[in-house]
Amino acid sequence: YLLFKKYFFGIKPYYAVKANPHEKIINLLNKLGSCFDCASIKEIKICIKNKVNPEKISFGNTIKKSLDIKKAFSLGVKIFAVDSELELEKIAKFAPRSKIFFRVRVPNGGAQWPLSNKFGCTPCSIENLIYYAITKDLKPIGISFHVGSQQRYKATWNKAIKISAEIFKKMEKKGINMELLNIGGGFPSKYNGASLNIFSYSNFIKKSLSKHYGNKKPKTIICEP
């Protein structure tokens, strides 16, 4: 965690609890200052049980049961991921006035486990979803993407960051200023003896953010290692 924070300075980690929800891991990361991305109500309950501030939790699954949305909201979770109108309608009803980030579909070339066909809306449909969220009295705060699990091609992050920057700039021209960019997970780990240089990934990603956003980087940039 400390190594990740060092190399990805300026990008806030939201630990993907589904990777390993053991209470000792949750407790340690919480003490170190990590935030948490939860894919289920069970994961959220584990975090709350272990004294994680609900303000440090995002409900990052884009397909959630209404009862789970309602329970998460009652526990203090106020940030939800969406990629459809139906999900916005459920959140508006069971978690009113919550903060929303929109998962956009991006290329997953180079990933050992692609996710581009499983989650996310198309870049051209996000604008309509943002306007729809506003009509539902929800607060659109940003964009998220995921380049796929065990992503070996750094260039895939560049493509995704470019897509996200284009969305931010387009919405800014229309008077909607969002503050959060979630670059997801997918950072490769050492499997089957493969070498890994996390510094080369962090350096590349930070340069790509500067290239495509310039001096207008989102106020908050997070990731889901």
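**Leucine 32 and its patch.** I began with leucine 32, which at 37% relative accessibility counts as partly exposed, and I placed it in helix H2, residues 23–32. The model I am reading is a predicted one. Leu32 joins Leu2 and Leu28 in a nonpolar surface patch, for which I noted about 290 Å² of accessible area together.

**Core.** I then turned inward, to the largest nonpolar core, which has 58 residues; Phe80, Phe102, Ile143, Phe145, Ile183, Phe187 and Ile205 are the members that touch the most others. Helix H7, residues 154–173, gives the most to this core, with eight residues. Apart from it I found another core, of eight residues, and wrote down Tyr14, Ile79, Phe101 and Ile141 as being among them.

**Phenylalanine 187.** Which residues does phenylalanine 187 touch, not counting those up to four places away in sequence? I listed Phe4, Phe8, Gln150, Trp157, Ile198, Ile205, Cys223 and Pro225. Phenylalanine 187 is buried, because its relative accessible area of 12% falls under 20%.

**Aromatic pairs.** Searching the whole structure, I have nine aromatic pairs. For phenylalanine 4 and phenylalanine 187 the ring centres are 5.3 Å apart and the planes stand at 70°, so I recorded the pair as edge-to-face. Since phenylalanine 4 belongs to helix H1 (residues 2–7) and phenylalanine 187 to the loop between strand E9 (180–182) and helix H8 (198–213), the pair ties together parts that are 183 residues apart in sequence. Phenylalanine 4 is buried as well, with a relative accessible area of 14%. I also noted one aromatic cluster formed by Phe4, Phe8, Trp157, Phe187 and Tyr201.

**Salt bridges.** I counted six salt bridges in the structure, and looked up the following.

- Lysine 49 pairs with glutamate 23, with the closest N and O atoms 3.0 Å apart; lysine 49 lies in helix H3 (residues 41–49) and glutamate 23 in helix H2, so parts 26 residues apart in sequence are tied together. Lysine 49 is exposed at 59% relative accessible area, whereas glutamate 23 is partly exposed at 31%.
- Glutamate 87 pairs with lysine 64, again with closest N and O atoms 3.0 Å apart. Are these two partners buried or exposed? Glutamate 87 counts as buried at 3% relative accessibility, and lysine 64 is buried with a relative accessible area of 4%.
- Lysine 170 pairs with glutamate 127, with the closest N and O atoms 3.1 Å apart; lysine 170 is in helix H7 and glutamate 127 in helix H6 (residues 126–135), so the bridge ties together parts 43 residues apart in sequence.

Finally, I noted that salt bridges sharing partners join Lys64, Glu87 and Lys90 into one network.

How values were computed
Residues numbered from 1 in each chain as written. Predicted model: local features only at pLDDT ≥ 70, side-chain atom pairs only at ≥ 80, totals over all residues. Heavy atoms only, no water. Core = buried A, V, L, I, M, F, W, Y, C linked by side-chain atoms within 4.5 Å. Buried < 20%, exposed > 50% of the residue type's maximum accessible area, 1.4 Å probe, protein only. Helix = DSSP H or I, 4+ residues; strand = E, 2+ residues; numbered from the N terminus. Contact = heavy atoms within 4.5 Å. Patch = residues over 30% accessible without salt bridge, like charges linked within 9 Å, V, L, I, M, F, W, Y side chains within 5 Å. Areas by Shrake-Rupley, 256 points an atom, 1.4 Å probe, with all protein chains shown as cover. Salt bridge = Lys/Arg side-chain N within 4 Å of Asp/Glu carboxyl O. Phe/Tyr/Trp six-rings, centres within 6.5 Å; stacked < 30°, edge-to-face > 60°.
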